[in-house]
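This report considers a protein model from the standpoint of strand pairing, side-chain burial and local contacts. The sequence and the structure are shown first.

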Amino acid sequence: MPAGPARNAARPIVLIGPMAVGKSAIGYQLAQQLGATFVDTDVTIVGNHGSIAEIFASRGEHAFRELEARAVARALEDAQGRNTVVSLGGGAVLDSGTQQLLGHCTVVYLECDAGTVVDRIARNSGRPLLAGDAMERWKALFATRRPVYERLADLVFDVRNGTVADIAHRLEDALRAYGAAGTAGVPAPAATKEVEK
């Protein structure tokens, strides 16, 4: 990151969180601000294998998760030592190999609630895991995955309010503060698990 913290300069910034929280849009904006490369692993999968809905329909979720784990591993390995922002799909963090790779990254959990995503989910019906009652499915998936997001995160960042640009600028500030705390010798867990309001 330009003028950024030494501790994080060579570590990819990885955005995790539930479906429809805004990882792709916020990640793209953050990368633009930082002069960084942006990688959306869902976009990578679609580019190589076709739509996620089609993969689910023709090959099943297990096959999709294997493709996803490989795409994430490639993205995170390619990003090491580079100025890169990576957005992961909502369920990517469930893979144990991905969890290990995230240990070499600065992981930001974009925190929200159902009210934050309800309009986005209503506009996008192409998410195979949300077939049927989309919001009830989203809430159930979020309840299962939330502890994983919290455990893996270096920084928990509240995205309930603000435009994408506002959120990305606040996130850039939070990442700089996180890096400065690390270089100042502040213990990482105490310094980084705060929710950015």
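In this predicted model, Tyr109 has Val156 of strand β5 as its bridge partner. That pairing belongs to a parallel arrangement in which β4 and β5 (residues 155-158) are joined by four bridges. Strand β4 is also joined to strand β1 (residues 13-16), again by four bridges and in parallel. Here Leu15 is matched with Val108 of β4.

The pairings of β4 may be set side by side.

| Strand paired with β4 | Bridges | Direction | Bridge partners |
|---|---|---|---|
| β1 (residues 13-16) | four | parallel | Leu15 and Val108 |
| β5 (residues 155-158) | four | parallel | Val156 and Tyr109 |

How many residues of strand β4 (residues 106-111) are buried? Six of its six residues are, and the strand is accordingly described as mostly covered. The burial extends to both faces: one side carries Thr106, Val108 and Leu110, while Val107, Tyr109 and Glu111 lie on the other.

Two residues of this strand reappear in the description of the nonpolar core. The largest such core has 55 residues, and those touching the most other members are Ile16, Val108, Leu110, Trp138 and Leu171. Helix α7 (residues 134-152) is the element that gives the most to this core, contributing seven residues. Beyond its neighbours within four places in sequence, Ile16 is in contact with Val107, Val108, Tyr109 and Leu110, and also with Lys23, Leu88, Val93, Tyr149 and Leu152.

A further site concerns an acidic residue. Is Glu68 buried or exposed? Glu68 counts as buried because its relative accessibility is 3%, and the threshold for burial is under 20%. Glu68 is placed in helix α4, which covers residues 61-79. The side chain of Glu68 makes a polar contact of 2.7 Å with that of Arg65. When neighbours within four places in sequence are left aside, the residues in contact with Glu68 are Asp42, Ile45, Gly89, Gly91 and Ala92.

Aromatic pairing is the last topic. The structure holds four aromatic pairs. One of them, formed by Phe56 and Phe64, is tilted, with 5.1 Å from centre to centre and 40° between the planes. Both Phe56 and Phe64 are buried.

How values were computed
Residues numbered from 1 in each chain as written. Predicted model: local features only at pLDDT ≥ 70, side-chain atom pairs only at ≥ 80, totals over all residues. Heavy atoms only, no water. Helix = DSSP H or I, 4+ residues; strand = E, 2+ residues; numbered from the N terminus. Buried < 20%, exposed > 50% of the residue type's maximum accessible area, 1.4 Å probe, protein only. Polar contact = N/O pair within 3.5 Å; in protein donor to acceptor, adjacent residues only side chain to side chain. Contact = heavy atoms within 4.5 Å. Pairing = 2+ DSSP bridges. Core = buried A, V, L, I, M, F, W, Y, C linked by side-chain atoms within 4.5 Å. Phe/Tyr/Trp six-rings, centres within 6.5 Å; stacked < 30°, edge-to-face > 60°.
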